[in-house]
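Subject: The structure you asked about

Hi,

Here is the structure I promised to pass on. Have a look at it first, and then read my notes below with the picture open beside you.

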Amino acid sequence: MRDLKLPQQRHPEKAHRPDNAQPRKPKWIRVKAPTGEGYNATRKIMRDNKLVTVCEEAGCPNAGECWSAGHATMMIMGEICTRGCTFCNIATGKPDALDAFEPGRVADAVQKLGLNHVVITSVDRDDLEDGGAEHFAQTIRAVRHRSPKTTIEILTPDFLKCAPDVLDIVVAARPDVFNHNLETVPGLYPQVRPGARYFHSLRLLQRVKEMDPSIFTKSGIMVGLGEDKQAVHQVMDDMRAAEIDFLTIGQYLQPTPKHHGVDRFVTPEEFAGYEKAAYGKGFLMVSATPLTRSSYHAGDDFARLRAAREAQLVKG
């Protein structure tokens, strides 16, 4: 029986890779271990509904803060991914069949947590003909039915191996935010995200905006993987050409010695420089800090994103 708590069984494709040294984290990157009543209450709701969270599976450093506030990012379609990205801590292999009752359980958890804003993500499911598009749509509809006032943000796979029209299924369910992360600069894709294609991911987000301009689009990258500033600025320009509204930039943290090594820890001052540059390029919303993650402070950020669009429309 496979034990996903063991790194060698969690990441069999990385087992024979040479170890990469894990440098000591600077003071600005350290966080407290998760504790407290709020954290435990959120954890209980996740367990009672038999739900997986990316907070745990990806080893997010902000899990304690977010769960204590009653926020958690739901991860649908199982806990095993069909891709083997070198930065990611989610288990890889052959996933189980989809659970038809999962959309309802997600909706139940959202209602119990009283969320104003929910983030729903997934593993990659290259084994499914539609990549899980219909399952995403069902989950969005279930949450809308149980919690009509909750705004919904989805963080999707790239649907690379599917027919182009599967994206229509997700967009037709009308999430408030459609997020798909580019993760890194194009020159690092062969090492960091070998199963993906940079321009396919970019075009996916552009197509969402073409289909429904009212949906906010969002994407993010990690830094500290070996990129340079020029490449980061080029990604920003590419995103704006695709009319992406919201950019996140965070520090890459190496989950285990078998994962892609940390090239360096980017300073808070450099992150501030990226944020200033991104706003200058026309993004409606930017989050660029060492601990920024796709769904970190997502609810507050959505409110600011919506306000920024309204202000832009007034000016226009």
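Let's start with strand β9. Both of its faces are covered: Phe246, Thr248 and Gly250 sit on one side, Leu247, Ile249 and Gln251 on the other, and all of them are buried. In a regular strand, side chains alternate between the two faces of the sheet. β9 spans residues 246–251, and because six of its six residues are buried, the strand is largely enclosed by the rest of the structure. Its partner is strand β8 (residues 216–223), which runs parallel to β9 and is joined to it by six bridges. If you want a place to find the pairing on screen, look for Ser219, which stands opposite Leu247 of β9.

Before you go further, please keep in mind that this is a predicted model.

Now the overall picture. The protein chain has 12 helices and 10 strands. Of its 316 residues, 54% are buried. I also checked contacts between residues at least 6 apart in sequence: 77% of them join residues at least 24 apart.

Strand β6 tells a story you will recognise. Which residues of β6 point one way, and which the other? Thr151, Glu153 and Leu155 go one way, Ile152 and Ile154 go the other, and all are buried. The strand covers residues 151–155, and with five of the five buried, it is largely enclosed by the rest of the structure. β6 pairs with strand β5 (residues 117–122) in the parallel sense, over five bridges. Here the spot to look for is Thr121, opposite Leu155 in β6.

On to the helices. Two packed helices are described by the angle between their axes and the distance between the axes. How do α5 and α6 pack, in those terms? Helix α5 (residues 102–113) meets helix α6 (residues 133–146) at an angle of about 35°, and their axes are 8 Å apart. Their crossing is right-handed. On the α5 side, the contact is made by Glu102, Pro103, Gly104, Val106, Ala107, Asp108, Val110 and Gln111, while α6 brings His135, Gln138, Thr139, Ala142, Val143 and Arg146. By class, that contact has six nonpolar, five polar and three charged residues.

Each of these two helices is worth a look by itself:

- α5 has 12 residues and reaches 16 Å from its first C-alpha to its last, close to the 16 Å expected. Its buried residues are Glu102, Pro103, Val106, Ala107, Asp108, Ala109, Val110 and Leu113. Gly114 follows α5 and has a positive phi, near 65°.
- α6 has 14 residues and reaches 20 Å, again from first C-alpha to last, close to the expected 20 Å. Buried in α6 are Ala133, His135, Phe136, Ala137, Thr139, Ile140, Ala142 and Val143. The elements covering those buried residues include β2, α5, β5, β6 and α7.

A second helix pair is α9 (residues 198–211) with α10 (residues 229–241), packed at an angle of about 35° with axes 9 Å apart. Tyr198, Leu202 and Gln206 of α9 make the contact with Val235, Asp238, Met239 and Ala241 of α10. That contact divides into five nonpolar residues, one polar and one charged.

Next, a residue to click on: Val170, found in helix α7. Is Val170 buried or exposed? Its relative accessibility is 0%, and since anything under 20% counts as buried, Val170 is buried. Leaving aside neighbours within four places in sequence, Val170 is in contact with Ala133, Phe136, Ile140, Ile154, Phe159, Pro175 and Phe178. The C-alpha atoms of Val170 and Val208 are separated by 9.3 Å, with the two positions 38 residues apart along the chain.

Last, two residues with a backbone angle to note. Met77 has a positive phi of about 70° although it is not a glycine. You'll find Met77 in the loop between β2 (74–76) and β3 (80–81), and it is buried, with a relative accessible area of 3%. Arg174 also has a positive phi, about 55°, and is not a glycine either. Arg174 lies in the loop between α7 (166–172) and β7 (177–179), and at 47% relative accessibility it counts as partly exposed.

Enjoy exploring!

Terms used: Residues numbered from 1 in each chain as written. Predicted model: local features only at pLDDT ≥ 70, side-chain atom pairs only at ≥ 80, totals over all residues. Heavy atoms only, no water. Axes fitted to C-alpha atoms, helices over the stretch in contact; angles between N-to-C directions. Helix = DSSP H or I, 4+ residues; strand = E, 2+ residues; numbered from the N terminus. Left-handed = near helix turned anticlockwise from the far one by under 90°. Contact = heavy atoms within 4.5 Å. Nonpolar A, V, L, I, M, F, W, Y, C, P; charged D, E, K, R; others polar. Expected span 1.5 Å × (residues − 1). Buried < 20%, exposed > 50% of the residue type's maximum accessible area, 1.4 Å probe, protein only. Pairing = 2+ DSSP bridges.
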